[in-house]
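Trainee: I have a new model open and don't know my way around yet. Can you take me through it?
Mentor: Go ahead and pick a spot.

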Amino acid sequence: MASIELNGLGHRYPGSSDYALQPQTMRWEDGGAYALLGPSGCGKTTLLNIISGLLIPSEGRVLFDGRDVTTLPTEQRNIAQVFQFPVIYDTMTVFDNLAFPLRNRKLPESEVRSRVAEIAEILDLSSELKRRASGLSAEDKQRISLGRGLVRKDVAAVLFDEPLTVIDPHVKWLLRRQLKRIHHQLKLSLIYVTHDQIEALTFADQVVVMYQGQVVQMGTPQDLFEAPAHTFVGHFIGSPGMNLLPCELNGDSIRVGEQSLAIPPALAQQLAQVSGPLTLGVRPEFVRCAAEGELASLHARVLRLEDLGTSKLLTVQLGAHQLKVKLGEHAELPGEQVQLALQPERTMFYAAERRVA
Ligand SMILES: Nc1ncnc2c1ncn2[C@@H]1O[C@H](COP(=O)(O)OP(=O)(O)OP(=O)(O)O)[C@@H](O)[C@H]1O
């Protein structure tokens, strides 16, 4: 296993003046489980291909444990890869498929047997080991692909490119949990590309959120939820995402539309240093219905209440903007008008999309 450092790493495809990947520097720790999460076209595959050696970046360096691998071909990087679709040998048995990466490295047969047994056990393939891979379902075949990616202990990292795309949603959930268990048991460095936030948040210790060729935040699922560093993280993570409202500083308060919200003097001082328009961000989970006349609350017009099963979602009109509020499963429609209080420590401020307070 290895740490991975990206040093001023950026990429422009030949003939394009735009960066597919903006130059950036970051470090991923040895043994970590990282998810690269972002919408289509944000640069996830470009970054993964640079790490795997399929693509040489136009700028910057990639280091594995301090060793510069930027221009090394994939075979010399000592990595394992799992792709969207199964890559297995149909004519071989499940055992021989799982054993292949180990036999390729000339490991003694006794070690091959014990390692294959360990991986097969974790992936629920133990009873299938003698079967030919050709007769298996697409899901079982992808399970074998996962096993082949995970079977070697000596790889620098295992890279996954949307590996659960072909998997049925129910089995997907099981496999995600198995992957998490594998990570805890085997302590492999895992990098997992996905555009699915649930997949990223359940699998990874650290989620690397990408947007328009940039990593806009790297953090635990809790960091991303409680303190989004970028408005994109705010609305991309969460269901529904963060409420984002244009606002202005006005002395010791914030103006939101026609209304005023008192804020602590220290926060007002901090916001006074910021240039450019401000946006207030608060997740629907951190807004509550307040008592009439309660200090530091906003007045809004009720639009609708939807039942989400374990919670209810209230939509209100606040000036020109709509705001979502998550309420308990037994909440009732609060009438035509409502006072809303925002949890102060979970209310964020953004300028030019970045969090400033
Ligand atoms: N071979 C290429 N030549 C030119 N531009 C490319 C090439 N591959 C990708 N791009 C562009 O680079 C940007 C990043 O693409 P990339 O495939 O890395 O994103 P992604 O997040 O992996 O998206 P997806 O989930 O759709 O695969 C996009 O604007 C894309 O059009």
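Trainee: Let me start with Lys 187. Is Lys 187 buried, exposed or partly exposed, and why?
Mentor: Lys 187 has 14 C-beta neighbours inside 10 Å, so it counts as partly exposed. Keep in mind that this is a predicted model.

Trainee: Where is Lys 187 found?
Mentor: In the loop between α5 and β8. Lys 187 is not a glycine, yet its phi is positive, about 55°.

Trainee: What sign does phi usually have?
Mentor: Most residues other than glycine have a negative phi.

Trainee: Which loop holds Asn 78, and what is its phi?
Mentor: Asn 78 is found in the loop between β5 (67-68) and β6. Its phi is positive too, about 60°, although Asn 78 is not a glycine. Asn 78 counts as partly exposed because it has 16 C-beta neighbours inside 10 Å.

Trainee: Back to α5. What does that helix connect?
Mentor: Start with the strands. β7 is joined to strand β8 (residues 190-194) by four bridges, and the two run parallel. The chain goes from β7 through helix α5 (residues 169-186) to β8, and this β-α-β crossover is right-handed.

Trainee: How far apart are the ends of α5, and what span should it have?
Mentor: The 18 residues of α5 should span 26 Å at 1.5 Å a residue, and the end C-alpha atoms are 25 Å apart, so the two agree.

Trainee: Which residues of α5 are buried?
Mentor: Leu 175, Arg 176, Leu 179, Ile 182 and His 183. These residues cover an arc of only 120° around the axis, which means they sit on the same side of α5. On the other side of α5, the exposed residues are His 170, Arg 177, Arg 181, His 184 and Gln 185.

Trainee: And β7, is that strand mostly covered or open?
Mentor: Mostly covered: five of five residues in β7 (residues 157-161) are buried. Ala 157, Leu 159 and Asp 161 point one way, while Val 158 and Phe 160 point the other way.

Trainee: Why do they split like that?
Mentor: Because in a regular strand the side chains alternate between the two faces of the sheet.

Trainee: Which residues cross-pair with β7?
Mentor: On the β8 side, Phe 160 has Tyr 192 as its bridge partner. Strand β6 (residues 79-82) pairs with β7 as well, in the parallel sense over four bridges. There, Gln 81 stands opposite Leu 159, and the bridge partner of Ala 80 is Val 158.

Trainee: What about the faces of β6, covered or open?
Mentor: Both are covered. Ile 79 and Gln 81 on one side are buried, and so are Ala 80 and Val 82 on the other.

Trainee: New topic. Which residues are around the ligand?
Mentor: The shell consists of Tyr 13, Ser 16, Ala 20, Gly 38, Ser 40, Gly 41, Cys 42, Gly 43, Lys 44, Thr 45, Thr 46 and His 195. They divide into three nonpolar, eight polar and one charged.

Trainee: There's another sheet further along the sequence. What is its strand order?
Mentor: The order is β13-β12-β11-β14-β20-β21, an open sheet of six strands with antiparallel pairing. The edge strands, each pairing on one side only, are β13 (259-262) and β21 (354-355).

Trainee: How many bridges hold β20 and β21?
Mentor: Two, between β21 and strand β20 (residues 347-351), in the antiparallel sense. Tyr 350 has Arg 355 in β21 as its bridge partner.

Trainee: Any odd peptide bond?
Mentor: The one from Ser 239 to Pro 240 is cis, with omega near -5°. Pro 240 lies in the loop between α8 (231-236) and β11 (243-250). For background, most peptide bonds are trans.

Trainee: How far apart are Asp 65 and Leu 261?
Mentor: They are 50 Å apart in space, C-alpha to C-alpha, and 196 residues apart in sequence. Asp 65 lies in the loop between β4 (59-64) and β5. With 12 C-beta neighbours inside 10 Å, Asp 65 counts as exposed.

Trainee: Last one. What does the protein chain add up to overall?
Mentor: The protein chain has nine helices and 21 strands. Its C-alpha trace spans about 75 × 45 × 35 Å along the principal axes. Of its 357 residues, 37% are buried.

Methods. Residues are numbered from 1 along each chain as its sequence is written. This is a predicted model: local features need pLDDT of at least 70, side-chain atom pairs count only at pLDDT 80 or more; totals for chains, interfaces and linings use all residues. Two strands pair if DSSP finds at least two bridges between them. A residue is near a molecule or strand if its C-beta atom, placed from the backbone, lies within 6 Å of it. Ala, Val, Leu, Ile, Met, Phe, Trp, Tyr, Cys and Pro count as nonpolar, Asp, Glu, Lys and Arg as charged, and the others, Gly among them, as polar. A residue is buried if 20 or more other C-beta atoms lie within 10 Å of its own, exposed if 12 or fewer, and partly exposed in between; C-beta atoms are placed from the backbone. A crossover is right-handed if, with the strands pointing away from the viewer, the path from the first strand over the helix to the second runs clockwise. The expected span of a helix is 1.5 Å times one less than its number of residues. The arc is that of the directions from the helix axis to the C-beta atoms.
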